[in-house]
Amino acid sequence: MAPDTEENDLTPPKRATIADIAARAGVSPGAVSFALNNRPGVSEETRARIVQIAQELHWRPHSAARALGGARAGTIGFVLNRPARTLGTETFFGDLISGIQLGLSGSHTGVNLLVARDLAEELDTYQEWWNGHQVDGVIVVDPREQDARVDLLAELGMPAVVVGSRPSAEGAPPTVWIDDSEAAMTVFGYLHALGHTRIAHVAGVEAFEHTRMRTAALQTFAESAGLAFAQSSATDYSAEQGASVTRTLLSRSEPPTAIVYDNDVLAVAGLGVAAEMGVGVPDRLSIVSFDDSVMARLVRPSLTALRRDTVELGERASRLLLDQIESGRTLESRPGPSLTLEVRDSTAPPA
C-alpha cells in the first residue's frame, strides 16, 4: 500500500519565495527585493544572478505585495465583449491578438484575455483587474458614443489605448485609429463608379462607433451622388443575421444591386443567400466586405474587400500602451495602418 505516496503526489508544489531565492543566491532577502524590482543597492552581476535563480525557481510576485510596493504587474488586459459564437468565425480578432502579442515581444509583458458576456461584466473586469493590481493597462475595442468604459478607466487612472475610428478627444485615452468614414466613402464611391445607384449596407452592432460612421457615410454619399436606394441594417455580426437581412433585401420589388457588409462573416453569409435565391454574383448583385481575410479570398466568387493589416493594428496598439505605461501620462492618438481596396470577382457594373 502506498496511500502516503499518492497523497504526496497530489500535493501542489510549494510556491517559491524571496527567501528561497536569497538562500540559493547567498544574499539577504532585501538584496533579492532590490534586484527583482530593479532598484539600486546591488551590483549588476548580483542582480543578473538573482534574476536567473528566480527564473529557475519559476518565481512570480504576489499581486498584493507587488501592489503595495508600487511594482508593475507585467501584464496588460484585453476584454472582448462579443457573442462567443461570432468570435470563433471572425478572423479580425485572431489577427488583432497576434499583433498585440507581437507588439509586446521583448518587453516581458503578458496578455490577460477575457471574453465578457456584456458591458456590465466588462466594466467589472476592469475594476477587478485594477483593484487587484493584475494589469498595468488595457486595450479597448469597439468604442461607443458616451462610452462608460472610457469614463471608468479615466476614473480609475488606468492606462488604456482604444482601437477605434478617429483620434480621441483631449484628455481621453489615446486611440490607434483608422478612419471608417473615409473607408466607407472609398467603397461606396467605387460601387457608384461602376454604375450602382441602389446600395445596401449590412452593418454590425448599431451602438459601435464604426457602425455609426459607416452608416452616416452611406447617407451622406447617397445625398451627394443621388442614389436611388441607400439603406443600412444593423446585425450582431452573426452569419444568421447576415443571411436574414440579405434575404429581406433581395426579396424587395426593387432589390439593391450592391450590398456592402461590415465583415467577412456577414459577406460570406450574404453570398450564400444570393446563391440560394438564384441571384448571380456579380451579374445581378455586387458584394463588398469591410474586412478582408483568407475566407474572403477562398470563396467563389472571391470577395472584393477593404484590406488592412490587422496584425500591425494590434502591434501599434500594444506599443502605444507600453509607451503610455512607461511615460506615466496620457499620450496622443496615433494613426493605424492604411487601407486598400482589393477588387476581386464579386463586383461588376450592374446588369
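User: What makes the approach of the S346 side chain to the backbone nitrogen of T304 a polar contact?

Analyst: The side chain of S346 reaches that nitrogen at 2.8 Å, and a polar contact is a pair of N or O atoms within 3.5 Å, where, within protein, one must be able to donate a hydrogen and the other to accept it, and residues adjacent in sequence count only if both atoms are side-chain atoms. The value of 2.8 Å therefore falls within the cut-off. The model is predicted, and local features need pLDDT of at least 70, side-chain atom pairs count only at pLDDT 80 or more, and totals for chains, interfaces and linings use all residues. Residues are numbered from 1 along each chain as its sequence is written, while side-chain values use heavy atoms, with hydrogens and water left out.

User: Why is S346 called buried?

Analyst: Its relative accessibility is 0%, and buried means under 20% relative accessible area, with exposed over 50% and partly exposed in between (1.4 Å probe, protein chains only); S346 therefore counts as buried. S346 is placed in the segment after β12 (340–342), where strands (E, at least two residues) and helices (H or I, at least four) are DSSP runs numbered from the N terminus. Not counting residues up to four places away in sequence, S346 touches V281, P282, L285, S286, I287, P301, S302, L303 and T304, a contact being heavy atoms within 4.5 Å.

User: Which values of omega belong to the peptide bonds that lead into P282 and P301?

Analyst: The bond from V281 to P282 is cis, with omega near 10°, and the bond from R300 to P301 is also cis, with omega near 0°. P282 lies in the loop between α13 (264–276) and β9 (286–289), whereas P301 is in the loop between α14 (294–298) and β10 (304–307); both prolines are among the residues that S346 touches.

User: How do you know whether Q146 and Y237 are buried or exposed?

Analyst: Q146 has a relative accessible area of 76% and is therefore exposed, while Y237, at 3%, is buried. Neither is a glycine, yet phi is positive in each, about 50° for Q146 and about 75° for Y237. Q146 belongs to the loop between β3 (138–141) and α9 (148–156), and Y237 to the loop between β7 (229–233) and α12 (239–250).

User: Why does D142 count as buried, and what does it touch?

Analyst: At 9% relative accessibility D142 meets the criterion and so counts as buried. D142 sits in the loop between β3 and α9 and, leaving aside neighbours within four places in sequence, is in contact with R82, F93, D147, R149, V163, F208 and H210.

User: What makes a space a cavity, and how many of 30 Å³ or more are there?

Analyst: On a 1 Å grid over the protein atoms alone, a cavity is a set of points where a 1.4 Å probe fits but cannot get out, whereas a pocket is an open set with protein on both sides within 12 Å along at least five of seven lines, and lining residues have an atom within 4 Å of a point. By this rule there are two cavities of 30 Å³ or more, and about 290 Å³ lies in the largest, a volume being the space filled by probe spheres set on the grid points, which are joined across faces, edges and corners. Of the 21 residues lining the largest cavity, F92, D142, H210, R214 and R308 are the closest to its centre. Two or more lining residues come from each of α7 (91–104), β4 (160–164) and α11 (209–225), and the largest share, three residues, is that of α11.

User: What can be said of the second largest pocket?

Analyst: Its volume is about 330 Å³, and of its 18 lining residues the closest to the centre are R144, V150, S168, A169 and E209. The elements that give two or more residues to this lining are α9 and β4.

User: Why are the buried residues of α3 said to line one face of the helix?

Analyst: The buried residues of α3 (29–36) are A31, V32 and A35. Seen down the helix axis they fall within an arc of 100°, so they line one face, the arc being that of the directions from the axis to the C-beta atoms. Their cover includes α2 (18–25) and α4 (44–56).
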